[in-house]
Amino acid sequence: MKKKFLSLVLLSALMLVLAACNFGGSKDKDESSGSGSKGGDKTLNLSITSEPPSLNPQLANDSTSGAVIRAAFEGLTRVDKDGNVQNAAAEDVKVSDDKLTYTFKLRDTKWSNGDSVVAGDFAYAWKWALDPKNASEYASILYPIKGAEAYNSGKGSADDLGIKVVDDKTLEVTLENPTPYFLELTAFYTYMPVNEKVVKDNKKWYAEAGDTYVTNGPFTLSEWKHNDSITLKKYADYWDKDNVALSTVNIKMVESETTANRMFKSGDIDYLGSPYQTVPLDAMDAYKKDKSLKSVPYAAIYEYKFNTKGKFTKNANIRKALSYAIDRQGLADNVLKGGQKPALSNVPIAIEGFEEENNKFKDNDIEAAKKALADGMKELGVKKASDIKIGISINTSEAHAAIAQYIQEGWHKNLGIEIKIDNSEWQVYLDKVTALDFDVARMGWIADYNDAYTFLERYDTAKNGNNDTGWEDPKYKSLLVSATKETDENKRLDLLKQANTLLAEQMPIAPIYFYVNNYVAKDYVKNMAPNKIGEIDLKAVDIQK
């Protein structure tokens, strides 16, 4: 998934009208903003950094879109506020003894247009995402399903997929190999259903709020003012409506972290933290001082990807030199200030089994960096380090800029190479990265599930929609394939660790730091701590005042 950390994105001069913004149109804050009305209407006000790139569950590939989709749609399962998998649209699931066949029994639930949610809606959505002509960049998350990768890569047929609609309330799914985290995957938005009849009638059903945006989750998309705001309303016919406390969720699009922070202080928004707007770096100390800053473990990584087809970054030694010469601890202590951990591996220490794997190279190893640089220059025929010109591409954000400037200074000082920082608006930035129009590009990745495979499978082939480096290696691919087929958990873990080591040896990406999820919330906001993979289930959030 291209969760390229919309939680740390975009800077602009959005200083207009925001201080007076009330989100709901009412001038009485007690009736429509912040904490909700005294009469029982519970409204939560949030901000996101940009327009969601897509609110189609099968096309979305980022954390901002995902945050909205998870509120509006519901998969067969949900991941609750504690990170546990719970039955959702499915009321029961049976797993065969060989762990290859899952039989889901659906609840009697309704789409927001009154139609019944049926097994065929799930099958249709999954097949749509896997159809290569639809170019779903997150189709690979469906690959555990039998025949999915073959169909998505143009080598198989939809008829061969392990997806069987037994009847309207029964869906049978057959996997290629046992997948320990499959029930967690079925909570992910690519696995969410869409109303087949609605989609077939309108190919752009997901482009606007209204009658065509038909959903099955705890909230409906009431209003969508593009590049401005989104309003969610509690779905009156949701099967578990009695356990949904919020009546309204107002989400304002605020590009500037500083502006969002000001809005939080004034009470115009109720929460700052992933997967919504983040706490600005320059506000960390103040929130620490008043003890309002909360931190929770986060299976997520901030990284710099290398264009392995670039003039200089095609060379592995140049890539190693750049990675080794980053002072990650200094960055965490002096710039980030949020308790982030230096990343010396491509799999976060929050992932089970990888707690002790953060040792693939040394932090700020200038001696090793200089040796790698010299070797790389010799291989490329470059005589002077100053002849190497590298661009760092970022999407516009105070945080990304501060990080890039810190790394830029270190690279220039310690390696003598010329560094230029290039920032772009989010969508332009995504297009450039996808086209490999960069030397070094900042990225982030949140675990889709608590397993190392979610971090490693992005680089199985250069064609993977989440690769964005141009790098691939047959040995690496083989290790991942073997891991998916291995039923012994210890052997599987060893194969994944070997793949992780190979990434560090060839360095198509430079891991920089592992996230912790820092957030602040108003005292009256309850049950809004992100889980380990950075998700917040708005179904569980309450306003108590």
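This dialogue explains how to read a helix pair, two pockets and two backbone details in a predicted model.

Q: At roughly what angle do the axes of helix α9 and helix α11 cross?

A: The axes of α9 (residues 316-324) and α11 (residues 366-380) cross at roughly 155 degrees and come within 7 Å. Angles over 145 degrees count as roughly antiparallel, and α9 and α11 are therefore roughly antiparallel to each other. The crossing in which α9 passes α11 is left-handed.

Q: Which residues make the contact?

A: From α9, the contact is made by Asn 317, Ile 318, Lys 320, Ala 321 and Tyr 324. The residues of α11 in this contact include Ala 368, Ala 369, Ala 372, Leu 373 and Met 377. Sorted by class, the contact of α9 with α11 has nine nonpolar, two polar and three charged residues.

Q: How should a pocket be read, and what volume does the largest pocket have?

A: Rolling a probe the size of a water molecule over the atoms shows where empty space is left. In this model, the largest pocket has a volume of about 600 Å³. Its lining is formed by 25 residues, and those nearest its centre are Tyr 143, Thr 461, Lys 463, Asn 464 and Gly 465. Helix α4 (residues 148-152) gives the largest share of this lining, three residues. By class, the lining of the largest pocket has six nonpolar, 11 polar and eight charged residues.

Q: What is the volume of the second largest pocket, and which residues are closest to its centre?

A: The second largest pocket has a volume of about 500 Å³. It is lined by 28 residues, of which Tyr 143, Pro 144, Glu 149, Tyr 453 and Thr 484 are the closest to its centre. Two or more residues of the lining come from each of α4, α14 (453-456) and α15 (474-485). The largest share, six residues, comes from α15. The lining of the second largest pocket divides into 14 nonpolar, five polar and nine charged residues.

Q: Which peptide bond is cis, and where is Pro 275 found?

A: The bond to look at runs from Ser 274 to Pro 275; this peptide bond is cis, with omega near 5 degrees. Pro 275 belongs to the loop between β11 (271-272) and α8 (284-289).

Q: What sign does the phi of Asn 227 have, and where does Asn 227 lie?

A: Although Asn 227 is not a glycine, its phi is positive, at about 60 degrees. On the chain, Asn 227 lies in the loop between β8 (219-225) and β9 (229-234).

Methods. Residues are numbered from 1 along each chain as its sequence is written. This is a predicted model: local features need pLDDT of at least 70, side-chain atom pairs count only at pLDDT 80 or more; totals for chains, interfaces and linings use all residues. Side-chain values use heavy atoms; hydrogens and water are left out. Axes are lines fitted to C-alpha atoms, for helices over the stretch in contact, and angles run from 0 to 180 degrees between N-to-C directions. Helices (H or I, at least four residues) and strands (E, at least two) are DSSP runs, numbered from the N terminus. Angles under 35 degrees count as roughly parallel, over 145 as roughly antiparallel, 65 to 115 as roughly perpendicular and the rest as oblique. A crossing is left-handed if the near helix is turned anticlockwise from the far one by less than a right angle, and right-handed if clockwise. Contact means heavy atoms within 4.5 Å. Ala, Val, Leu, Ile, Met, Phe, Trp, Tyr, Cys and Pro count as nonpolar, Asp, Glu, Lys and Arg as charged, and the others, Gly among them, as polar. On a 1 Å grid over the protein atoms alone, a cavity is a set of points where a 1.4 Å probe fits but cannot get out, and a pocket is an open set with protein on both sides within 12 Å along at least five of seven lines; lining residues have an atom within 4 Å of a point. Grid points are joined across faces, edges and corners, and a volume is the space filled by probe spheres set on the points.
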